[in-house]
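Good morning, colleagues. I should like to take you through one structure, beginning with how its parts meet and ending with a single helix.

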Amino acid sequence: MLKLIESPFDRCLKCNACVVSCPVSNYSLDFGGPKHLGPELKRLIENQDLLDDPRVELCAICGNCDISCPEQVHVTDLIVQAKAIHSELSGTKFRDKLLSNPELIGKITSNLAPITNIAMKAKPIRKAIEKVMGIHSERQFPKYEFNNFNRRYKKKTANSERKVAYFVGCYATYNAPEIGDAFVEVMAYNNIEVAKPDQHCCGIPMLANGQFEQAKKNAKFNVQSLLKYVSEGYDIVATCSSCTLALKKEYVSVLGIDGAEELAKHVYDSSEYLRMLDEEGVLNKNLSPLNDNAGYYAPCHMKAQGIGNPAMDILELIPGYEIKDLAAGCCGQCGTFGFKEENFTLSLDIGKSMHDAVEELQPEYTVTECGMCKNQINQMTDQVVKHPIEVLAESYKKSK
Amino acid sequence: MFDVIVIGQGLTGMLTAIWLKKKGKSVAIVHQGTGKIIQSTGLMDILPGMDGTIEDLIKEYQIERWNDVFIKESIESFNMLMRDLGYPYRGDVGKPVEVITGSGHIKLTGLFPETIVPFPKKGNIAIVSFKEITDFQSEYVKGNLQKRRPELVIYSVNVSLGKNSNRTMNQLDAARLLEKSDVRKYVIAQIKKYFDKKVIDKLDLVVFPSVLGVMEWKTVLNEFEMEIGSPITEAVGMPPNATAIRLNEFLKKEMIRQGIRLYSDTTVISAKVEKRRIEKINIVNNKFNNLKAKNYVLATGEVLGGGLEDASLSNLFVVGATNDSKVTRYGITGGIYSILSSYEAVSMISGAYSHGNTIKGGDN
């Protein structure tokens, strides 16, 4: 039986702020919307039998409802619970179980990397996958790296004065180990050694697909593993905005993991961490000029952290570097959401504001923290996409 | 360290932040959720909930320091901003006009977007509602309007958007649907059919709920005007009104494009005060943190807002509804008061404007 933790819903005044801000509601009439599937559904089933509402499948857990709520109702938490109930009562498709486990996919696929990357670009294979698995054939897939970050970096401890334990996340581990490399380099330029603790997928894709127990299992493992580092004086830093949000918020508010609250105090997004070093006056500012003109795309899970815009705060320190916020809404990829055959068109509809913003500002390339946002930007535009830490590493390297 | 931290992301907060940024200040907004702008009409009323003039506003709120020059400059600044953002407002705060509401009543307003047309005293009016939108019923609107304006000839028509929904649809859903050309064609055909049947050829105004598109409002408005061949207006009513959502979206986009830093889903829990100055504010979003600025603007509204309303703090500017409890007779402010109050705070912080009697606070 599911054990769900209390999340306050009675403060909801039905003001519609969440509905107005929900990217899925804005482009689909099939979705019940955050207000109905969050606080209202919870009100309905409180002290009664659980109610299975299949419309929750369309929630992408982007968190824009939480950002918009003036009454501090954690709408996403409530919908994640409704998703768990839906899976418990109606089961989960094999596809969704698979998609919810990027770590497993990453392990298998990166081992076979050269072949899988070619295969995922072959039309007949994609058509077959669409038919059997329900993953849309025109959806671009991120490439997988044989020489993944687990193969590249095995350091478990750090000996510098300030020490960082790096939560790599599935994307930087299996798809973009160059982000991990860049992170380690940037830290080295600041005399900080990086350790890579034992870790599993943060669990966000599991929550999005109703795999509550699996998410809890992963969260417990990560909290235990990372807390050991915290007790030894490490700061926990992540380069993926969804992982960061999970460690800061979801482990506490949805999953209620013991120790999660303590851990959250020590978790930083990579740019947020560098900004803190800058505020303390210890950031290495020996940055060489980059005469680039970039656009910044803020992932929803970055906005939800309420830390301003640390990526731009840091990149603006690079002499000559021009960066402008695209000020676009949700990209529509939303992790596993955009891979599903039935969501493909909706996913592109949602992404239109991102696409239009890129067209309007015409940056040389786009900077974003999220690998899934990158996937959608690559799908819908011809932009090169970089992680802020890669740009910073480039500037440091040039100044050597 | 910012030049200014604005607390609150409603109309007042966003206007203040954007104008300060344009004056070269580094600005952050700290906010817990959206502002009440989402529930507003998007119209700039002079005395919300009442019919009044700018003189009444000044008398009501005892703001004699807001002289004609200041008012003119503030309003021009707002109009210029909205024109630049692609959602222009018109009207004259010295001469408020009558507009129709979503319940068929007539009210006065100061500034209004181009999707709104002042309501005529006489003539032929048609009211169009959508079967799918329960918040706006043309027969009900007609009933109320006819009582107030017996001399009008009023037609009411109820058409369909032709789309099934898995939830109760609101005005914003209709506004987004009407941005699609096939939906517009379907709706226009039904309206034309009704007009042909009733042999109506000349209408002075066709009234819609607040649904004429969101960011694509111009395309939607032009096509309806051209196809129907009469002036068109939106009647603002039950939120969400597309008129307000557009205003919110355009301002928010501008704010982010200008590089204003947003601390979202974040609550201010306390402040460190030294010698009557706020040194820093303590905030929380899962994690505790603090932020520093030279000046702070409190734009949290009154009904559900409030907070650091200590008049003796020298670098705190309290704007909008938070300014004074007298401004919320019906629990509503917004509108012209928000524009003037924001503009005043901006003028004072940037040191560009001074007009004797000051609002609370005042460090440059």
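**Contacts, domains and one helix**

Thirty-five is a number to keep in mind: the contact draws 35 residues from chain A, and 32 residues from chain B. Please note that this is a predicted model. On the side of chain A that touches chain B, the elements giving two or more residues are helix H1 (17-21), helix H4 (64-68), helix H15 (241-253) and strand E6 (322-325). Sorted by class, that side of chain A has 13 nonpolar, twelve polar and ten charged residues.

Let me turn to the domains. Chain A is divided into domain 1 (17-91), domain 2 (95-133), domain 3 (149-279) and domain 4 (293-398). Between domain 1 and domain 3 of chain A, the centres, taken over C-alpha atoms, are separated by 28 Å. Where these two domains of chain A meet, eight residues of domain 1 are in contact with seven residues of domain 3. The side belonging to domain 1 of chain A comprises three nonpolar, three polar and two charged residues.

Chain B is divided into domain 1 (2-90 + 246-350) and domain 2 (117-235). For this pair in chain B, the centres over C-alpha atoms are separated by 34 Å.

Next, the interior. The largest nonpolar core has 223 residues, and those with the most contacts inside it are A:Ile236, A:Leu247, B:Ile5, B:Leu212 and B:Val297. Helix H9 of chain B (residues 335-350) supplies the largest share of this core, nine residues. Which residues does B:Leu212 touch, not counting residues up to four places away in sequence? Among them are B:Ala175, B:Leu178, B:Trp217, B:Val220, B:Leu221 and B:Phe224, together with B:Thr115 and B:Glu234.

I close with helix H14 of chain A, residues 212-231. At 1.5 Å a residue, its 20 residues should span 28 Å, and the end C-alpha atoms are indeed 28 Å apart, so expectation and model agree. The buried residues in H14(A) are A:Phe212, A:Ala215, A:Lys216, A:Asn218, A:Ala219, A:Asn222, A:Val223, A:Leu226 and A:Tyr229. Why do the buried residues of H14(A) line one face of the helix? Seen down the axis of H14(A), they fall within an arc of 160 degrees, and therefore they line one face. After H14(A) comes A:Gly233, with a positive phi near 90 degrees.

How values were computed. Residues numbered from 1 in each chain as written. Chains lettered and ligands numbered in written order. Predicted model: local features only at pLDDT ≥ 70, side-chain atom pairs only at ≥ 80, totals over all residues. Helix = DSSP H or I, 4+ residues; strand = E, 2+ residues; numbered from the N terminus. Nonpolar A, V, L, I, M, F, W, Y, C, P; charged D, E, K, R; others polar. Domains from an automatic or database assignment. Core = buried A, V, L, I, M, F, W, Y, C linked by C-beta atoms within 7 Å. Buried ≥ 20, exposed ≤ 12 C-beta atoms within 10 Å, placed from the backbone. Expected span 1.5 Å × (residues − 1). Arc of directions from axis to C-beta.
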